[in-house]
Amino acid sequence: MRESSNGDPGGEQAKVTPPKTWAAGVPAVAHAVQYSLAETSARRTALNLLDINQTKGFDCPGCAWPDPAPGRRHKNEYCENGAKHANDDATTRRVTPDFFRRYPVSELARSSDRWLNQQGRLTQPMVKRPGADHYEPISWHDALGLIADELRAMDSPDEAIFYTSGRAGNEPAFLLQLFARALGTNNLPDCSNMCHESSGAALYETLGTGKGNVSLLDIHQADLVLTVGQNPGSNHPRMLSALEETKRGGGQIVAVNPLPEAGLMRFKNPQKPRGVVGRGTNIADQFLQIRLGGDLALFQALNLLLLEAEDAAPGTVLDREFIDRHTSGFEEFAHHIRTTVSWPDVLAATGLARGQIEELRDRVLASERIIVCWAMGLTQHKHGVPTIRELVNFQLLRGNIGRPGSGVCPVRGHSNVQGDRTMGIWERMPQGFLDALGREFSFTPPAHHGLDTVNSIRAMLEGRAKVFLGLAGNFVRAAPDSELTEKAMRRCRLTAHISTKLNRSHAVCGDTALILPTLGRSERDCQNGEEQFITVEDSMSQVHASSGRLEPASDHLLSEVAIIGRLARRTLGDEADVPWEDFEADYGTIRDRIARVVPGFENFNSKVRKPGGFTLPNPVNEGVFPTPGGKALFTVNGFESLRAPRGHLVLQTLRSHDQWNTVPYTTNDRYRGIHGSRRIVLVHPADLRALGLEDGSQVDVVSVWQDGTERRAEDFRLVSYPTTAGCAAAYYPEANALVPLDSVAETSNTPTYKGIVVRLEPRPVGRASGAAAVERP
Ligand SMILES: Nc1nc2c(c(=O)[nH]1)N[C@H]1C(S)=C(S)[C@@H](COP(=O)(O)OP(=O)(O)OC[C@H]3O[C@@H](n4cnc5c(=O)[nH]c(N)nc54)[C@H](O)[C@@H]3O)O[C@H]1N2
Ligand SMILES: Nc1nc2c(c(=O)[nH]1)N[C@H]1C(S)=C(S)[C@@H](COP(=O)(O)OP(=O)(O)OC[C@H]3O[C@@H](n4cnc5c(=O)[nH]c(N)nc54)[C@H](O)[C@@H]3O)O[C@H]1N2
Ligand SMILES: [Mo]
């Protein structure tokens, strides 16, 4: 056995069963409760679950899928995975100073992500001094003083990096960006840079706003919903209830994915008795098993078919009135599609048959209201931005933007990733926002753009950035090119993380490193004896309050607002005209300021107190496209396909059913039939045959980058799997080592986590792995 107390089992431990064809239902609920009970007490579990997504409870930290209107909410308005995430936070295990005395940092750096997370909640501020190999306790006063001293000692404010992960609420996010800009930098990279940046870039350019424009009701009312490049059964399970509603209303679903994901096939609704005992609802009416990166070609082919259908029956296919009134660029776009789309290229890029795409066209022609939903399967590709621009073209052709039951729906990941952006967490906020911020707090925010995630890593590597502060998240594991990213973090003078749980970013750190432990979503946040709440914005622009009820994990915890406010005061003194102390004492005073800086938040404090909160206006739904020309833009996108040379495959990195981003909860992936290990790579049986490899054998996965460099992830078990031929899959974050830092999406600079060229090298039998985590008796 290679399983050890702080390592993870290798691929040879994996047990593989056939993939499931349906998602959710009773086994799912039982599974969540089982996980929760292992982490917390029965009472705490029950209390916590009943509070999730209730109007007086806390926002589920699971994902950004919206909650139904208050009257239509279930008593249990959460899914199996939301329950796991919430209770992973509410765990009764604790990481104390004793723990850090026992485990040196060097050993933590060799431990698995799963083991680190399982140690429990962080309880006290800790410091690792230069040259030391252990964290030791430090007072909050001294910890924040250390960081403030380092920030003040910099030659330029641009030597600091302020990273945010999308679990942070609006109030702490607003304070963090205010602090960074008052200090003088726009270096505000975030997880969004690695997530939906491609969506924001494409939508902003074509529609004039970077957000989706559909509501839950729109999804229920649609005639056709395309779900492209996403795995809702694991990552947005409550979306399946919405798709079930679409079907009940007579609508159809088309799934586009290289993998036959369980939730896309069939859904048993755990909230309904018939969902528990019955066969469930067939979700996808059509499944297009596409090649990785083939979606741009698919939408171009579909657009060609629509143009041709209009030629055959003029006036029946395109929404001419909408196109004339609300868009520009149609002629150039149509000419480009007609003259460049070639079927042999389309079929090679998509791996689909022409008949399948024609079938989709027929569904489109039969549907008045169409919604396109997507997630990481589109954004994390080299041509992610043009792909999303092309799907906008598709929606514009039939006027499917701004009408009920239609629209574009980027399905966000982190529960408040959209809100953090609205609050100004972005290295490139528009000048209008910066001006409003400067006016409100009487200073001049820096106008030059800051560093995004990938460029932050480069700056740290080159010594241009020296201080890293993380508000939530696990930068070291989320970022690409693990070895380089780790080197970058280790080159910093100081790294500090505001965190709830232990992760690898605490272990792979700068000369001086700080752990700043904070409250979780489900915990009571009291300041001056008054209970505080924070606010969040979901994927459909609904803003609402979130407050926890559980006792904090430790008496030493400070809220995120308190940590940022106190750090800002220590660093800036009274230089800036910012009442940091008032902000900490009453979060309502932060919201008063947000109301004056961020459009759509007027009367924030009163609007957000209504049950269910309020929805931010989306101009697109009023027929206004705030692009420079005031119209939605048809775009011309070059044709690109992702091809691997002979003997190679294209690899995507994805989430299992049992993980929260960089944090695996178990080594299982139930729906895909993988049990007992995450060091596996899914490969089509025909590819295995062609490569002379066998299911069950061990390989090294080697990525080949265009500059000739190679990256290696050792000792993965091959699993014969019904993925699209030529397209392999392995888990994030174990496979992040394979993603070259320079391999990014055009325009958005998002790492191409879903499109890496690899080869598989058989390992000699019995050779011990250098990659597995340390063994301990
Ligand atoms: N339980 C759980 N929920 C989560 C998360 C979690 O880790 N755990 N993470 C949250 C976050 S931050 C995010 S961003 C979301 C992520 O949600 P998803 O985007 O669903 O997450 P991934 O696991 O990355 O899955 C990508 C899906 O896209 C498909 N895909 C990959 N490449 C292509 C392609 O080229 N074309 C097409 N058509 N499909 C492709 C894959 O087969 C897979 O089904 O989930 C959020 N919700
Ligand atoms: N290969 C590959 N890499 C990827 C992706 C991929 O698909 N493939 N996906 C990318 C995507 S979409 C994303 S969004 C990023 C995610 O990147 P991140 O957001 O940086 O990573 P997470 O794993 O969500 O961060 C988990 C940590 O957040 C902390 N945390 C949790 N809750 C709270 C809280 O309430 N407050 C505070 N202060 N801390 C908290 C805990 O300490 C926990 O260890 O990863 C990206 N990386
Ligand atoms: Mo994400």
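Visitor: How many residues lie around ligand 2, and which of them come nearest?

Guide: Around ligand 2 there are 29 residues, and the nearest are Tyr163, Glu560, Thr662, Tyr732 and Asn736. Please bear in mind that this is a predicted model.

Visitor: What is the chemical character of the shell around ligand 2?

Guide: One sorts the residues of the shell into classes. For ligand 2, the division is 11 nonpolar, 13 polar and five charged residues.

Visitor: Which N or O atoms of the protein lie at a short listed distance from an oxygen atom of ligand 2?

Guide: One looks for pairs of N or O atoms within 3.5 Å. The side chain of threonine 662 places an N or O atom 2.6 Å from an oxygen atom of ligand 2. Lysine 501 takes part through its backbone, with an N or O atom 2.8 Å from an oxygen atom of ligand 2. Tyrosine 732 has a polar side-chain atom 2.7 Å from an oxygen atom of ligand 2. Ligand 2 on its own has 920 Å² of accessible area, and the protein covers 98% of it.

Visitor: Which domains does the chain have, and which of them contribute to the shell around ligand 2?

Guide: The domain assignment gives domain 1 (11-21 + 647-762), domain 2 (88-193 + 416-609) and domain 3 (198-410). Domain 1 and domain 2 each supply at least three residues to the shell around ligand 2.

Visitor: Tyrosine 732 was named above. What kind of peptide bond joins it to proline 733?

Guide: The general idea is that most peptide bonds are trans. The bond between tyrosine 732 and proline 733 is cis, with omega about 5°. Proline 733 belongs to the loop between strand S31 (727-731) and strand S32 (756-762).

Visitor: What is the sign of phi at serine 442?

Guide: Most residues other than glycine have a negative phi. Serine 442 is not a glycine, yet its phi is positive, about 50°. The residue is found in the loop between helix H23 (431-441) and helix H24 (453-461).

Visitor: Let us turn to ligand 1. How many residues surround it, and which are the closest?

Guide: Ligand 1 is surrounded by 33 residues, of which Asn257, Glu261, Asp295, His381 and Asn661 are the closest. The shell consists of 12 nonpolar, 17 polar and four charged residues. Domain 1 and domain 3 each give at least three residues to the shell around ligand 1.

Visitor: Which atoms of ligand 1 are paired with histidine 85, valine 256 and glutamate 261?

Guide: Histidine 85 has a polar side-chain atom 3.3 Å from a nitrogen atom of ligand 1. Valine 256 uses a backbone N or O atom, which lies 3.1 Å from a nitrogen atom of ligand 1. The partner of glutamate 261 is an oxygen atom of ligand 1, at 2.6 Å from an N or O atom in the side chain. Of the 910 Å² of accessible area that ligand 1 has on its own, 99% is covered by the protein. Two or more residues of the shell come from each of helix H3 (80-89), helix H11 (232-235), helix H20 (376-379), strand S24 (649-654) and strand S25 (659-660).

Visitor: How far apart are the centres of domain 1 and domain 3, and how many residues of each are in contact?

Guide: The centres, taken over C-alpha atoms, are separated by 26 Å. In contact are 30 residues of domain 1 and 25 residues of domain 3.

Visitor: Which feature does UniProt place at residues 649-755?

Guide: The record, an unreviewed UniProt entry, gives "domain: Molybdopterin dinucleotide-binding" at residues 649-755. In the model, this span is 7% helix and 36% strand, and its end C-alpha atoms are 10 Å apart.

Visitor: Where is threonine 615 found, and which residues does it contact beyond its neighbours in sequence?

Guide: Threonine 615 is part of strand S22 (residues 614-615). Leaving aside neighbours within four places in sequence, threonine 615 is in contact with Met540, Ser541 and Gln542. Sequence separation and distance in space should be read side by side: threonine 615 and leucine 216 are 399 residues apart in sequence, and their C-alpha atoms are 12 Å apart.

Notes: Residues numbered from 1 in each chain as written. Chains lettered and ligands numbered in written order. Predicted model: local features only at pLDDT ≥ 70, side-chain atom pairs only at ≥ 80, totals over all residues. Heavy atoms only, no water. Near = heavy atom within 4 Å. Polar contact = N/O pair within 3.5 Å; in protein donor to acceptor, adjacent residues only side chain to side chain. Areas by Shrake-Rupley, 256 points an atom, 1.4 Å probe, with all protein chains shown as cover. Helix = DSSP H or I, 4+ residues; strand = E, 2+ residues; numbered from the N terminus. Nonpolar A, V, L, I, M, F, W, Y, C, P; charged D, E, K, R; others polar. Domains from an automatic or database assignment. Contact = heavy atoms within 4.5 Å. UniProt positions renumbered as here; feature names shortened; annotations may be inferred.
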